[in-house]
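I opened a fresh notebook page for this one. My plan is to look up a few things one by one and jot down what turns up.

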Amino acid sequence: MIVEHLSLVDFRNYAAVDLALLPGPNVFVGKNGQGKTNLVEAIAFFATLGSHRVSSDAPMVRDGAEHAIVRARLAHGERRVQLEAQVNRQGSNRARVNGAPVRTAELPRYAQVVLFAPEDLQIVRGDPSARRRFADQLLVQRAPRMAGVLADYDRVLKQRTALLKSARARGLKGEALSTLDVWDDKLVTLGTEIIRARIALAADLTPPVAAAYRAIAGEDHRPELEWALSFSRDSDPDSDEDDAGTSMGSRTDAADPTVPATADVIAQFRAALAARRPAELDRGVTLVGPHRDDLVLRVRGLPVKGYASHGESWSVALSLRLASAELLRADSQLGDPIVILDDVFAELDSGRRGRLAELTSGFEQVIVTAAVGADVPGALRAHTLRVEAGEILEPEDPEPLVSPVVGAAAAYEGGGDD
Ligand SMILES: Nc1ncnc2c1ncn2[C@@H]1O[C@H](COP(=O)(O)OP(=O)(O)O)[C@@H](O)[C@H]1O
Ligand SMILES: [Mg+2]
């Protein structure tokens, strides 16, 4: 799929902008703080219903405005779909598809986006929450119904935790005890679905991650992905650190041998809840469940976090995104995901730069941002626009727009980039 047309009203530093985008590479060049990331954040919103930079929506609404409007016309082959999101400073957002109101959660059914950003290094180096977010966003992109399962799990987790906290204050007796059992059932049912979906995702990602890593790093460091589950981890249950735990037992689902059987996950989940209940009541925290799991990443048999070099860490982060794009491309009816490379080339050495450009240049549409046009490898230099203080401008010299040659980006270097 591609974005053919994008329009923003009161989104971040854009008062109003209307923009046509082309198939293939589209490059946005501008100094820092001009609105490059804001632009791609708006496109990615349709796929993730959030921002990759902030957890709340308010920062996406232009200072002084009540809401932002993002409209995109997407082309899936010959079909066109018009998406619209109203991002509210407060309260829930609104969405339309082809003019008709829909639940916001419907939008990712139409829009698939893989966004590469400097923040991606946090997937491999940051807390387990960054890896869970990476995995869950991809789960939702592949199976939009998972958005509901994840949201329900979060809700149950909050309610159960609130009950544990009040039980800690007042003691847990009679009715409260049976209420906790009810929450446990919901936690286990929803949690098991998430755990199994995440394990299946890791299995599906492994071959494309291995291929992408070889292509990006130019060497085979045997990248591995494995979920360390909260209830098969026997180290300090309080820590949310990436202590590589043991994986599930060896019995698997008959239909999918890479995933442990539902009954086994449920049994382990329940046993762990029973074992931790005194600790949970003592501390008022839910200690068991997918909200405490970690996707352990390894290269050369060692955890990436804490062991891998800067270059290896980047190779893993890029491989995770490239593999995501490959998976979405392979299972989607909608064609390729929109690939966005936000300011990543400045982070990479020239070898990785060139290889990343080659590996992404074959997607239907690639949107690239850079502070310095020269950082964008030749394979992705084409249709180039300037971003300046919340406005999108044609290059002074219109000629480079015509042909996808080095000239387009090179024209800018003389034009005052830092
Ligand atoms: N809600 C907002 N209202 C107005 N301006 C904003 C808002 N959010 C961010 N900005 C401005 O947008 C700019 C950052 O844009 P960004 O797209 O991140 O820059 P870059 O071009 O470096 O990627 C900053 O100047 C910031 O002040
Ligand atoms: Mg930026």
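**Entry 1: a sheet.** I am working from a predicted model, as I remind myself at the top of the page. I began with an open sheet of three strands, which come in the order E9-E10-E11 with antiparallel pairing. At its edges I found strand E9 (224-228) and strand E11 (302-303), each of them pairing on one side only. A general reminder for myself: strands of a sheet pair through backbone hydrogen bonds, either parallel or antiparallel.

Next I looked at how E9 is joined to strand E10 (residues 294-299): the two run antiparallel, with five bridges between them. Which residue of E10 is the bridge partner of Trp227? I traced Trp227 across and arrived at Leu295.

**Entry 2: a helix on the sheet.** I then asked what packs on this sheet, and noted helix H3 (residues 128-142), which touches E9 and E10. The direction of H3 makes about 95 degrees with that of E10.

**Entry 3: two helices together.** Staying with H3, I turned to its packing with helix H4 (residues 146-170). I wrote down an angle of about 140 degrees and axes 8 Å apart. Roughly antiparallel or oblique? Since roughly antiparallel needs an angle over 145 degrees, I entered H3 as oblique to H4.

I also listed who makes the contact: Asp136, Leu139 and Val140 on the H3 side, and Met146, Ala147 and Leu150 on the H4 side. Sorted by type, the residues of this contact are five nonpolar, one charged and no polar.

**Entry 4: one threonine.** I picked Thr192, which I found in helix H5 (residues 174-217). Is Thr192 buried or exposed? Its relative accessible area is 2%, so I marked Thr192 as buried, the cut-off being under 20%.

What is Thr192 in contact with, leaving aside neighbours within four places in sequence? My list reads Leu187, Thr262, Val265, Ile266 and Phe269. I looked further at Val265: along the chain it is 73 residues apart from Thr192, yet their C-alpha atoms are separated by 6.3 Å.

**Entry 5: the whole protein.** Last, I stepped back for some totals. I counted 10 helices and 15 strands. Of the 418 residues, 54% count as buried. The protein exposes about 17,700 Å², and carbon and sulfur atoms supply 50% of that area. Among contacts with a separation of 6 or more, 69% come from residues 24 or more positions apart. The pair I noted earlier, Thr192 and Val265, is 73 residues apart.

Note on methods. Residues are numbered from 1 along each chain as its sequence is written. Chains are lettered from A and ligands numbered from 1 in the order in which they are written. This is a predicted model: local features need pLDDT of at least 70, side-chain atom pairs count only at pLDDT 80 or more; totals for chains, interfaces and linings use all residues. Side-chain values use heavy atoms; hydrogens and water are left out. Two strands pair if DSSP finds at least two bridges between them. Helices (H or I, at least four residues) and strands (E, at least two) are DSSP runs, numbered from the N terminus. Contact means heavy atoms within 4.5 Å. Axes are lines fitted to C-alpha atoms, for helices over the stretch in contact, and angles run from 0 to 180 degrees between N-to-C directions. Buried means under 20% relative accessible area, exposed over 50%, partly exposed in between (1.4 Å probe, protein chains only). Accessible areas come from the Shrake-Rupley method with a 1.4 Å probe; for residues, only the protein chains shown count as cover. Angles under 35 degrees count as roughly parallel, over 145 as roughly antiparallel, 65 to 115 as roughly perpendicular and the rest as oblique. Ala, Val, Leu, Ile, Met, Phe, Trp, Tyr, Cys and Pro count as nonpolar, Asp, Glu, Lys and Arg as charged, and the others, Gly among them, as polar.
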